[in-house]
Amino acid sequence: IQAMVRPVQVWLFLIYPLLTYQTLSNFNCQHLSLDHEGDYLLISNYRVECPLRNPGSFLFLWALAFGLLYTIGIPLIFLLSLMRYAIPRVARAKRLDEVTRELISMFKKRHAHDLEALSSLCSLLSHAAGSPQSIMSKLEATIDMAAV
């Protein structure tokens, strides 16, 4: 069944506009008489009286049923399949990852000099050997270099 889902979705996506157009054309009527009581006929077939004139007719009920089925049902099928596969959650997570990466990139660009100074400070402190005065002088030099 899983292997059939994608081809059926593609098929529905391709035929949806045609089905909707054909179904809704059953309600597209034209008045063909000069008086107000004249004939209302379907534009797609002038031999058929407009189903809107007789809401209890078979054609009206048929067009209404399939109009609801196709125009609302097919997008509903797509929505349910998106929800079933948690596509909105996956898209939200991907968008959040990209925004986070971009913010980190912007931070690195703006504070590249500060990050270099902090990195050298960390390396000085981790490799410090000697008197506290030599560590302080190296630290002051690093801070002065960062201020420039």
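Start with the long-range contacts: of the contacts in the protein with a separation of 6 or more, 38% are between residues 24 or more positions apart, a contact being heavy atoms within 4.5 Å. This is a predicted model, where local features need pLDDT of at least 70, side-chain atom pairs count only at pLDDT 80 or more, and totals for chains, interfaces and linings use all residues. Residues are numbered from 1 along each chain as its sequence is written, and side-chain values use heavy atoms, with hydrogens and water left out.

Next, colour by secondary structure. You should see five helices and two strands, running α-β-β-α-α-α-α along the sequence. Helices (H or I, at least four residues) and strands (E, at least two) are DSSP runs, numbered from the N terminus.

Now switch to confidence colouring, pLDDT being the predictor's confidence in each residue, from 0 to 100. The average is 78, and 75% of the residues score at least 70. Select α2 for the highest mean, 87, then helix α5 (residues 132–147) for the lowest, 61. Where pLDDT is low, don't read the predicted coordinates in detail.

Turn on the surface. About 11800 Å² is exposed, with carbon and sulfur atoms supplying 67% of that; these areas come from the Shrake-Rupley method with a 1.4 Å probe, and for residues only the protein chains shown count as cover. Of the 148 residues, 15% count as buried (under 20% relative accessible area; exposed is over 50%, partly exposed in between, with a 1.4 Å probe and protein chains only).

Go back to α2 (58–84) and show its aromatic side chains. Select F58, W62, F66 and Y70: together they form one aromatic cluster. A search of the whole structure finds four aromatic pairs. One of them is W62 with F66, tilted, at 4.5 Å centre to centre and 50° between the planes. Rings of Phe, Tyr and Trp (its six-membered ring) pair if their centres lie within 6.5 Å; planes under 30 degrees apart count as stacked, over 60 as edge-to-face and the rest as tilted. W62 and F66 sit about one helical turn apart, because they are four residues apart in helix α2. W62 is partly exposed at 47% relative accessible area, and F66 is partly exposed at 25%.

Step along to Y70. The F66 and Y70 ring centres are 5.6 Å apart with planes at 40°, so this pair is tilted too. F66 and Y70 are also four residues apart in helix α2, hence about one helical turn. Y70 is partly exposed, at 22% relative accessibility.

Last stop: N45, in the loop between β2 (40–42) and α2. Its 25% relative accessibility makes N45 partly exposed. Add C29, 16 residues away along the chain: the two C-alpha atoms are separated by 9.4 Å.
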